[in-house]
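Visitor: I am new to this structure and would like a close look at a single part of it. Could you pick one contact between side chains and lead me outward from there?

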Amino acid sequence: MAIHFTITSSNSPLRYTSTMHFENYDPCFPDQPVVDLYLQIWGKLPAFKSKPAFIWAEDDSASSGTGASTCSAITYQQLNNSADCISSQLLLPLQRGDTVVLMCAPGLELVEIIFGCQRAGLLSVPVVPPDPSFAEDNYHHLVRVISQTKPKAAIANHCYIERVKQYKSSPSTNKQLSEWLQKLSWISIEAIKDKKLDLHSNSVPYSGCKAEEVYLIQYTSGATGIPKPVLVTAGAAAHNVRAARKAYDLHPNSVIVSWLPQYHDCGLMFLLLTVVSGATSVLTSPATFLKRPRIWLELITFFRATCTPVPSFTLPLVLKRGGVARGTIPINLESMKNLIVINEPIYKDAVEEFIQVFRRFGLNPSAISPSYGLAENCTFVSTAWRIGRNNNLPTHNKLLPSARLISFDKDEEEDIEILVVNEETQEPVEDGTEGEIWISSPSNASGYLGHPSLSREVFNGMLSKRVGRCYVRTGDRGVVIGDDRYLFVTGRISDIIKLPNGQELHPHYIETAAYNSHPKILRGGCIAAFMVSGTLAIVAEIQNFERERRAMRNICEGIRKSIMEEESVAVGLIVLAESGSVPKTTSGKIRRWLAKENLIRAKIRTIMQMELKEENCDLAVSKKINHSREEGKGETCKLKGKGEVVAEHKLGGIILSLSEAPTKGPLLSSL
């Protein structure tokens, strides 16, 4: 059974005093070919049997008003036994190699199911379980997963399965979705957990996933297109987390705090990294963090965490909504060795502002660890942080580096090669020249499921006039700077804005300039810049604010002016939108391609739209009145001369000035 305890405030310094303080054991066993074999070793070592592997924190502050969090833990021995039990139960209705969709809520049960499936030799596809009412079109990704991976079964809790049954029997159900759900064999978590099992037979050979076998399908985030199914072998995943363990100097004394989604990418790989390191991970859900960001700081403080991975948007969000001074639990970050910042671009100003505020809470600036990763390489690629080295990182065009390519250790990442390549000539570029980032590593995934031509293009990159290694073409732009060969990830190739004069810009610079114009009104990380029919368009979410026409117009004018001053670029269209209008991934990346499609299809919840005509400097403004689309409720305003306003009533609510935009359906993906 799990261990339960509560974090509360007190007059004395907070510290987790359970069995967490282990000397740094070095059992001297060789690296294992798959992660699950590490779990078997830790789970049977006397010193680790009672050590918590994972701790799950639930925030009780809303109900108690005290800032308390209730936690439950599972030890290495319990997790190892649970993996044995779950694997044996799953192999009753299923066969080794079958594909299963994991539709479990985030928590310790999901961790147990992930390791149980690997031990059973099953191919897992973790997904965020949509609400079983399947309302508001929340099921499209699930349909994509089922149709592409063709799973034999889905694993979920009993209550979820019962609601799915109700949906399938409902007369108002979506027939196509119901057919997909009907094809699945549904397995309840309760039916495969906590069963009696003979755990005394130690001579049975390991029959879980082998290193060369695909054990996981993880979908890309969807930042640059419809999410793609990436095939990950057990050996590639093990290599990836071993490389991360070495890069961040993780070991059995390490304590990790993570609120990242456990279903893919960094959140999932940190589960594996915890086990390979023999460390302890304290987990909570993204929803819990977003509801009360301070819980992240409280968990670091209470458990004296040494490592935490966060997307780059976390730092300004915590500064804005962290409530550091308002909480009842004092914050202490002196234990932190690696504050891993992911999701490029990583702006120096945002990091420095965070350091300035939290230095007085014990944060060591050298703990900042800008890092780079992507699903096509399991997750981890590299980090600019180095143990025992000067981590006073340089900057390039306002950015911090995400990797350091020069090696101080002869054995360091010797099997990983990172190059910056000219996309057209497919030859490496000189340092200081921007190009596409290519990666060759045993961590490289095997390809995209069901798309051999796309897999060849992305996973079999070959340098011109050179025979040998294959590279993953990341689709990311980067540049190597300085004697230490720092790699700066500057943006994504598919997002690059190409202006009519031939100039190329990464949209995040434009979005940052737009936000800087009204940081108290615009929502940070919720601005998208892209081209529409040769016009630079900005879609920006605004916070609760008095929506008088003149005020909205001033905001648009401020955005235009700021972008012109900072980036010397003329904006053609500005759309102020409701909160939630700019689509993002689960890790906070802006989905610019989808924002563009939503704008073209009039699916943005627009408050005001301003079209700027460069030839005569007139401003055409559209405003949505009372969020109504009834006839006669719309209004178009034109500003002439020095601000004279002439109003014209139009039919059909908001009027989009996109006369040159092509009439088209949804943007299509090669998938």
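Guide: In this predicted model, the side chains of Arg 119 and Asp 84 meet in a salt bridge, with N and O 3.0 Å apart. The two partners come from distant parts of the chain: Arg 119 belongs to helix 4 and Asp 84 to helix 3 (residues 76-90), with their positions 35 residues apart in sequence. Arg 119 is buried, at a relative accessible area of 5%. Asp 84, on the other side of the pair, is partly exposed, at 23%. Buried stands for under 20% relative accessible area, so Asp 84 with its 23% does not count as buried.

Let us follow helix 4 a little further. Helix 4 covers residues 108-120, and together with strand 5 (123-126), strand 8 (214-219) and helix 10 it is one of the elements that each supply at least two residues to the lining of the second largest cavity. The residues around that space are Leu 102, Ile 114, Gln 118, Ser 124, Pro 126, Tyr 215, Leu 216, Leu 268 and Leu 272. The cavity holds about 40 Å³ of space. What kinds of residue line the second largest cavity? Seven are nonpolar and two are polar, while no charged residue takes part.

Helix 10 leads us on to another space. In the whole structure, a search finds three cavities of 30 Å³ or more, and the largest of them has a volume of about 330 Å³. Helix 9 (234-247), helix 10 (265-277), strand 13 (338-342) and strand 14 (368-373) are the elements that give two or more residues to its lining. Helix 10 makes the largest contribution to that lining, with six residues. There are 28 lining residues altogether, and those nearest the centre of the largest cavity are Asp 265, Cys 266, Ile 342, Gly 373 and Thr 379. By class, the lining of the largest cavity has 16 nonpolar, nine polar and three charged residues.

Now back to salt bridges, with a second pair to look at. Asp 98 and Lys 152 form one, their closest N and O atoms being 3.4 Å apart. Asp 98 sits in the loop between helix 3 and strand 4, and Lys 152 in the loop between helix 5 and strand 6, so this pair ties together parts that are 54 residues apart in sequence. Asp 98 counts as buried, at 12% relative accessibility, whereas Lys 152 counts as partly exposed, at 48%.

The loop that holds Lys 152 has a neighbour at each end worth visiting. On one side is helix 5 (residues 140-149), whose buried residues are Leu 142, Val 143, Val 145, Ile 146, Gln 148 and Thr 149. What covers these buried residues? The cover includes strand 4 (99-102), strand 5, helix 7 (175-182), strand 8 and strand 9 (229-233). Just after helix 5 comes Lys 150, with a positive phi near 50 degrees.

On the other side is strand 6 (residues 153-156), where Ala 156 is found. Ala 156 is buried, with a relative accessible area of 0%. Beyond its neighbours within four places in sequence, Ala 156 is in contact with Met 103, Ile 161, Trp 186, Ile 187, Ser 188, Ile 189 and Glu 190. As for Ile 113, its C-alpha atom is 9.9 Å from that of Ala 156, and the two residues are 43 places apart along the chain.

Further along the chain there is one more pair to compare. Glu 541 and Arg 523 join their side chains in a salt bridge, at 2.6 Å from N to O. Glu 541 lies in strand 25 (residues 535-542) and Arg 523 in strand 24 (residues 522-532), 18 residues apart. Here Glu 541 is buried, with a relative accessible area of 1%, while Arg 523 is partly exposed, with 28%.

Salt bridges can also join into groups: Asp 59, Arg 292, Arg 294 and Glu 298 are linked in a network of them. Counted over the model, the salt bridges come to 28.

Definitions and conventions: Residues are numbered from 1 along each chain as its sequence is written. This is a predicted model: local features need pLDDT of at least 70, side-chain atom pairs count only at pLDDT 80 or more; totals for chains, interfaces and linings use all residues. Side-chain values use heavy atoms; hydrogens and water are left out. Helices (H or I, at least four residues) and strands (E, at least two) are DSSP runs, numbered from the N terminus. Buried means under 20% relative accessible area, exposed over 50%, partly exposed in between (1.4 Å probe, protein chains only). Contact means heavy atoms within 4.5 Å. On a 1 Å grid over the protein atoms alone, a cavity is a set of points where a 1.4 Å probe fits but cannot get out, and a pocket is an open set with protein on both sides within 12 Å along at least five of seven lines; lining residues have an atom within 4 Å of a point. Grid points are joined across faces, edges and corners, and a volume is the space filled by probe spheres set on the points. Ala, Val, Leu, Ile, Met, Phe, Trp, Tyr, Cys and Pro count as nonpolar, Asp, Glu, Lys and Arg as charged, and the others, Gly among them, as polar. A salt bridge is a side-chain nitrogen of Lys or Arg within 4 Å of a carboxyl oxygen of Asp or Glu.
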